[in-house]
Amino acid sequence: MMVDNLAEFLIGSTAACGACVFTNPLEVVKTRMQLQGELQARGTYARHYRNVFHAFYTIARVDGITALQKGLVPGLVYQAVMNGVRLGSYQHVVNSSLVRDHEGRLVAWKCVIAGGVSGCLGAFIASPSYMFKTQLQSKAEDSIAVGTQHDITKFTGAVKKVYKEFGIVGLWRGASGAVLRVSVGSAAQLSTFSMTKDFIEQRKLFKKDSFFLGVVSSFCSSFVVCAAMTPFDVVSTRLYNQGIDKTGHGLLYTGPVDCIAKILKQEGILGFYKGIGAQYFRLGPHTILCLVFCHELRKLYYRFKKEEI
């Protein structure tokens, strides 16, 4: 059982990192668009990024093509730790039948709770890497800069600097927003993926262990995740990227509730959906790639394990 749990952690980490390499440029675009016009009413600020495609072009033209992979190192660390814990722990719960009824069928509310709890755990543990990823991705040339610009250039250097100035607590600044974001997103993603996959399997729409089983289940899941998680993703990005005072406290927001209230007051309800196009273009492929990779790696692992026996 311990070996299987470790395997699930490694499967989740590998799948998430593989997806991250492909979708990180979209994460850069999404982060910039979410910070654009921070706490400003619509129409009162310069729009450096008009849409996803314009943002791609602008970043590549002004910051250079390599800027589209900014924050990749902390992004990979985040995906490896967060999704390793999240996907690994969730699959362990599924394998243990804790989310099934006495007839072996998945129970929706149990899947939602299991997905939320596993996401909360993964997000908290991996929070520091997400903070530095956000700050590195927002850093840009003055002509297209949005949000607070932090004086960091490398992941390791940023970790050392924050730890030296604010200690271990400083590394987890903004974690409350990340926990809220991933709890909602994970509950939506993993529950809809599991329920859709179970629905398809019961009706035998595809052959057992078919590649398309994972693709279709992931595709359905990605829509739900994007709609549910985008507002909390905006809040998380703002909390991580805001400037701080000498004591390490945020200059704009005191926490998630304060951030939500200020966005609603200054930017309106649409402020919570800034960058939703970039969010889906990132989240859709990332969700599909991550869950499909996970599905295929898990098949390989158990096939190899069976052959070993």
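Is Lys204 buried or exposed? Hold that thought, and I'll get to it after a word on the setup.

What we have here is a predicted model, so to speak: local features need pLDDT of at least 70, side-chain atom pairs count only at pLDDT 80 or more, and totals for chains, interfaces and linings use all residues. Residues are numbered from 1 along each chain as its sequence is written, and side-chain values use heavy atoms, with hydrogens and water left out.

Okay, Lys204. At 69% relative accessibility, Lys204 counts as exposed; the cut-offs are under 20% relative accessible area for buried, over 50% for exposed, and partly exposed in between, with a 1.4 Å probe and protein chains only. Lys204 sits in the loop between α6 and α7. On naming, helices (H or I, at least four residues) and strands (E, at least two) are DSSP runs, numbered from the N terminus. The backbone is the fun part: Lys204 isn't a glycine, yet has a positive phi of about 50 degrees. As background, most residues other than glycine have a negative phi.

Leu39 does a similar trick, with a positive phi of about 55 degrees although it is not a glycine either. You'll find Leu39 in the loop between α1 and α2, the latter being 52-62. Leu39 is partly exposed, at 21% relative accessible area.

Now the inside. A nonpolar core, for us, is a set of buried Ala, Val, Leu, Ile, Met, Phe, Trp, Tyr and Cys residues joined through side-chain atoms within 4.5 Å. Which members of the largest core touch the most other members? Those are Leu87, Tyr90, Val99 and Cys290, out of 18 residues. At least two residues apiece come from α1 (2-35), α3 (72-95), α4 (108-138), α6 (175-203) and α9 (276-308). The top contributor is α1, with five residues. Apart from that core there's another one, of 16 residues, including Tyr78, Met131, Phe155 and Ala158.

Let's zoom in on Val99. Contact means heavy atoms within 4.5 Å. Setting aside neighbours within four places in sequence, Val99 is in contact with Val93, Val94, Arg105, Leu106, Val107, Lys110, Cys111 and Ala114. Cys111 from that list is buried, with a relative accessible area of 0%.

While we're on cysteines: how many disulfides are there? The count is zero, taking a disulfide as a pair of cysteine sulfur atoms within 2.5 Å. Cys226, for instance, is in no disulfide, and its nearest cysteine sulfur, that of Cys220, is 14 Å away. Cys226 counts as buried too, at 6% relative accessibility.

On to helix packing. Two packed helices are described by the angle between their axes and the distance between the axes. Our axes are lines fitted to C-alpha atoms, for helices over the stretch in contact, and angles run from 0 to 180 degrees between N-to-C directions. First pair: α6 and α7 (residues 211-241) pack at about 170 degrees, axes 8 Å apart. That makes α6 roughly antiparallel to α7; the bins are under 35 degrees for roughly parallel, over 145 for roughly antiparallel, 65 to 115 for roughly perpendicular, and oblique for the rest. By class, this contact has 17 nonpolar, 10 polar and four charged residues. For those classes, Ala, Val, Leu, Ile, Met, Phe, Trp, Tyr, Cys and Pro count as nonpolar, Asp, Glu, Lys and Arg as charged, and the others, Gly among them, as polar.

Second pair: α4 and α7, at about 80 degrees with axes 9 Å apart. That puts α4 roughly perpendicular to α7. From α4 we have Ser127, Tyr130, Met131, Thr134, Gln135 and Ser138, meeting Asp233, Ser236, Thr237, Tyr240 and Asn241 in α7. The class split for this contact is three nonpolar, seven polar and one charged.

Two more spots in α7. Ser218 lies in that helix and is buried, at 0% relative accessible area. Leaving out neighbours within four places in sequence, Ser218 is in contact with Phe193, Thr287, Ile288, Leu291 and Val292. Ala227 lies in α7 as well, but counts as partly exposed at 46%.

Last one: Arg86, in helix α3. Is this arginine buried or exposed? At 5% relative accessibility, Arg86 counts as buried. Beyond four places in sequence, Arg86 is in contact with Ser118, Gly119, Val182, Ser186, Gln189 and Leu190. That's my tour, thanks.
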